[in-house]
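Here is a walk through the empty spaces of one protein model. Keep the structure open as you read.

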Amino acid sequence: MGGKVNSTTTDCILSIQSISKTFPGVKALKGVSFDVKRGTVHGLVGENGAGKSTLMKILSGVYTKDAGGKVVFDGETIERTTPLESMRRGLAIIYQELNLVNTMSVGENVFLGRFKEMNGMRGTHAQARALLDRIRCKIDTNKLVSDLSVSEKQMVEIAKALSFAGTRVLIMDEPTAALNNVEIDDLFRIIRQL
């Protein structure tokens, strides 16, 4: 008989199962579980210290989870990872503390450490322009990051996250914290578009 395909396994891009993390004297996470289906937007809500950022840092490889628990990304169980491996897998994270080099241009920040792959500065700026156009952002790729507003810096972080081929999950840590209402509306438009 024609059975129904299990949508949980085919539609789920990220599955977090019973994840815990303990720091000396502090249980930051205890048995956290949830699934993320492809093409959906989720918001994790909790007070400061609830463990939201800790969970993101486990997913990106900044922290390792405690023994037990499981992270499955796009069908692959991930035991240990690094931030670069995580990005190359397609899991991009934009932290609340933006990770940009103020003395470098927008284009250089988008492809930091990958200029050779972009065929030098001309290719770096051309590819950065294409990514910024994708999210309808008009920032000049030659502009220094130090001259950008907080919302513009966030757009550069989004372009950087998308610059890794195959980005399939984009996680943002408190993305609206430093934005005004117009900038928040623009960010939400980009999230819907992505």
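The paragraphs below cover the pockets and then the cavity.

This is a predicted model: local features need pLDDT of at least 70, side-chain atom pairs count only at pLDDT 80 or more, and totals for chains, interfaces and linings use all residues. Residues are numbered from 1 along each chain as its sequence is written, and side-chain values use heavy atoms, without hydrogens and water.

Start with the largest pocket (an open set of points on a 1 Å grid over the protein atoms alone, with protein on both sides within 12 Å along at least five of seven lines). Its volume is about 1100 Å³ (the space filled by probe spheres set on grid points joined across faces, edges and corners). It has 33 lining residues (those with an atom within 4 Å of a point). V41, H42, L170, I171 and M172 lie nearest the centre. Elements giving two or more residues to this lining are β1 (12-23), β2 (26-37), α2 (52-60), β6 (169-172) and α7 (181-193) (DSSP runs numbered from the N terminus: helices are H or I, at least four residues; strands are E, at least two).

The second largest pocket has a volume of about 450 Å³. Its lining holds 24 residues, with P83, M87, N99, K160 and F164 closest to the centre. α3 gives the most to this lining, 5 residues.

Now look for enclosed space. The structure holds 1 cavity of 30 Å³ or more (a set of points where a 1.4 Å probe fits but cannot get out). The largest cavity contains about 140 Å³ of space. I58, L59, I78, E79 and T81 are the closest to its centre among 15 lining residues. α2, β3 (70-73) and α3 each supply at least two residues of that lining.
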